[in-house]
Amino acid sequence: MPIETSNPPAVHKPGAYAHAVLVTDPKRRLVISGQVGTAPDGSTAEAGEAQIDQALANLGAILAAHGMGPANLVKLTVFLTDPALIPAWRAKRGAWQGESRSASTLLVVAGLADPRFLVEVEAEAAE
């Protein structure tokens with residue numbers, strides 16, 4: 001797979017993400033719209049941690065539908081409406097992503113498209 005993570009020694013070592021991901025000669029590139037905590041039946045959990053679980057499940061389903069998985073992720077952008085959700089996001093992302101690392105940006109925002117949404121995750125993947 002032409003995906004290589006990079007953490008140059010001249011930059012502070014990151015935690016559970018990579019500073020850069022280089023994709024050379026990709027066969028396919030998948031850009032995924034922001035996924036929220038809405039289940040396939042249209043319901044949205046009230047709790048932030050449950051929304052994180054569902055957003056990751058949605059992301060996983062989209063990756064799988066294209067023959068990909070977390071190892072194919074090259075970039076995650078995460079929007080949280082409550083900074084208290086940061087530890088839960090980091091733990092759940094780590095469990096879901098396993099040993100693979102993508103580039104990542106985390107933002108705490110005032111709100112999302114629907115006031116019920118507490119988390120949104122957009123992604124790019126490649127192979």
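Biologist: Which residues does asparagine 58 touch, leaving out those up to four places away in sequence?
Modeller: Keep in mind that this is a predicted model. Asparagine 58 sits in helix α1. Skipping residues up to four places away in sequence, the ones that asparagine 58 touches are Gln35, Val36 and Thr38.

Biologist: Is asparagine 58 buried or exposed?
Modeller: Its relative accessibility comes out at 12%. Buried means under 20%, so asparagine 58 counts as buried.

Biologist: Let's hop over to glutamine 35, then. Which strand is the place of glutamine 35, and why does glutamine 35 count as buried?
Modeller: Glutamine 35 belongs to strand β3. The cut-off for buried is under 20% relative accessible area. Glutamine 35 makes that cut because its relative accessibility is 14%.

Biologist: What does the side chain of glutamine 35 reach?
Modeller: Setting aside residues up to four places away in sequence, glutamine 35 touches several residues, including Asn58, Leu59 and Val121. For its side chain, the partner is a backbone atom 3.0 Å away, namely the backbone oxygen of serine 33.

Biologist: Back to the helices. At roughly what angle do the axes of α1 and α2 cross?
Modeller: Helix α1 covers residues 48-65 and helix α2 covers residues 86-97. Their axes come within 10 Å. The crossing angle is roughly 30°.

Biologist: Is α1 roughly parallel or antiparallel to α2, and what is the handedness of the crossing?
Modeller: Angles under 35 degrees count as roughly parallel. With the axes crossing at roughly 30°, α1 is therefore roughly parallel to α2. As α1 passes α2, the crossing is right-handed.

Biologist: Which residues in α2 meet α1, and how many nonpolar residues does the contact have?
Modeller: From α1, the residues taking part include Ile52, Leu56 and Leu63. Across from them in α2 are Ala88, Trp89, Lys92, Arg93 and Trp96. By class, the contact of α1 with α2 has 4 charged residues, 1 polar and, to give the number you wanted, 7 nonpolar.

Biologist: Where is threonine 77, and is it buried or exposed?
Modeller: Threonine 77 is in strand β4, which runs over residues 73-80. Its relative accessible area is 12%. Buried means under 20%, so threonine 77 is buried.

Biologist: Which side chain makes a polar contact with the side chain of threonine 77?
Modeller: Beyond four places away in sequence, threonine 77 touches Thr105, Leu107, Glu120, Val121 and Glu122. The polar contact, at 3.3 Å, is with a side chain missing from that set. The partner is lysine 75.

Biologist: Now for a loop. Is aspartate 25 buried or exposed?
Modeller: Aspartate 25 lies in the loop between β2 (20-23) and β3 (29-36). Although not a glycine, aspartate 25 has a positive phi of about 50°. Exposed means over 50% relative accessible area; aspartate 25 has 73%, so it is exposed.

Biologist: Last one: which side chain is in polar contact with the side chain of glutamate 127?
Modeller: Glutamate 127 is found in the segment after β6 (119-126), and with a relative accessible area of 18% it is buried. Its C-alpha atom is 25 Å from that of tryptophan 89. The polar contact, at 2.6 Å, is with the side chain of arginine 28.

Key. Residues are numbered from 1 along each chain as its sequence is written. This is a predicted model: local features need pLDDT of at least 70, side-chain atom pairs count only at pLDDT 80 or more; totals for chains, interfaces and linings use all residues. Side-chain values use heavy atoms; hydrogens and water are left out. Helices (H or I, at least four residues) and strands (E, at least two) are DSSP runs, numbered from the N terminus. Buried means under 20% relative accessible area, exposed over 50%, partly exposed in between (1.4 Å probe, protein chains only). Contact means heavy atoms within 4.5 Å. A polar contact is a pair of N or O atoms within 3.5 Å; within protein, one must be able to donate a hydrogen and the other to accept it, and residues adjacent in sequence count only if both atoms are side-chain atoms. Axes are lines fitted to C-alpha atoms, for helices over the stretch in contact, and angles run from 0 to 180 degrees between N-to-C directions. Angles under 35 degrees count as roughly parallel, over 145 as roughly antiparallel, 65 to 115 as roughly perpendicular and the rest as oblique. A crossing is left-handed if the near helix is turned anticlockwise from the far one by less than a right angle, and right-handed if clockwise. Ala, Val, Leu, Ile, Met, Phe, Trp, Tyr, Cys and Pro count as nonpolar, Asp, Glu, Lys and Arg as charged, and the others, Gly among them, as polar.
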